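Please look over the model below. The questions after it deal with the ligand shell, a sheet and a helix pair.

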Amino acid sequence: MTEPLLSIDHVSVVRDGRPMLDDISLTIPEGRHTAILGRNGAGKSTLVKLITRQLYPTGGQGAVRIFGQTQWNVFELRSLLGVVSPAIQTDYAGEEALEVFDAVVSGFFAARGVWNHAVTEAMRQASREALERMGVTHLIGRQMATLSTGEARRVLIARALVHRPRALLLDEPCAGLDPATRRQFLEALRDVARSGVTLVLVTHHVEEILPEIDHLVLLRDAQVLSDGPKSDLLTGPVLSDLFGMPTTVERRGDWSWAHLD
Ligand SMILES: Nc1ncnc2c1ncn2[C@@H]1O[C@H](COP(=O)(O)OP(=O)(O)OP(=O)(O)O)[C@@H](O)[C@H]1O
């Protein structure tokens, strides 16, 4: 049997005496697209950083297993995961001299530019395909720093997918997108979800939960409030509890919306 993408057992992360994650246990199997939903400050990004090894459990307590392993060479781990977060986008927005195609190719080297790495024709081909998949080949030749938020987001997803990772971690992937761009972007992510990469989507917004995602982890106040099938958890009473406000859930086709009453 394949090891889970993520298995966390009694893990806490504490900063300045305050828990960012408080004794959480959680398993995300590979192949199960999962959304992590919660209010601002609930601990969502902290959870992503535990997976990417930017953070470790406080005091060495508890275990974080990624694909069954607790110890990872960070470069090896990055070859299995694609990550897109607002922090990564901010980093790229400052890259005056970095061209779009090079930014995508650099995904092979877990670097921000190609520098003196040996770029093969196969890497170039894969980069073209990843840009095509995200519908942004027309941006080749532009500098990353000149792209709009939506354009840069698609290029960064292409970069995250270029080396064919087993999982794609998306932290607030729709932040800053207008409603129409967001919908187009989510449709592109649906194709990614259907291609066999496991998606872990971190969001505050119920309407960003793709139809392909059928499992939710609800975080509240640094703890896992619930972890279960979307059909059980996307309900008014559960989300009212999560958001701390009376909430109704509306379904339209395969998508859902949450409204504060
Ligand atoms: N470097 C830090 N030092 C101290 N506290 C931090 C640090 N980073 C995050 N926190 C705190 O940890 C808690 C969880 O933060 P986290 O960024 O994981 O939340 P989040 O659910 O991703 O929030 P948001 O939706 O606003 O991005 C918050 O209370 C935050 O203030």
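Q: Which residues are around the ligand, and which helix gives the most to this shell?
A: This is a predicted model, in which local features need pLDDT of at least 70 and side-chain atom pairs count only at pLDDT 80 or more, while totals for chains, interfaces and linings use all residues. Residues are numbered from 1 along each chain as its sequence is written. Around the ligand (C-beta atom, placed from the backbone, within 6 Å of it) are R15, D16, M20, G38, N40, G41, A42, G43, K44, S45, T46 and H204. With three residues, the top contributor is helix α1, residues 44-51 (helices are DSSP runs of H or I, at least four residues; strands are runs of E, at least two; both are numbered from the N terminus).

Q: In what order do the three strands of the open sheet lie?
A: The edge strands, each pairing on one side only, are β2 (18-28) and β4 (63-66) (strands pair if DSSP finds at least two bridges between them). β1 (residues 6-15) joins β4 over four antiparallel bridges. The order is β2-β1-β4.

Q: Why does α6 count as roughly parallel to α7?
A: The axes of α6 (residues 149-161) and α7 (residues 179-194) come within 11 Å (axes are lines fitted to C-alpha atoms, for helices over the stretch in contact; angles run from 0 to 180 degrees between N-to-C directions). Angles under 35 degrees count as roughly parallel, over 145 as roughly antiparallel, 65 to 115 as roughly perpendicular and the rest as oblique. α6 is therefore roughly parallel to α7, as their axes cross at roughly 10°.
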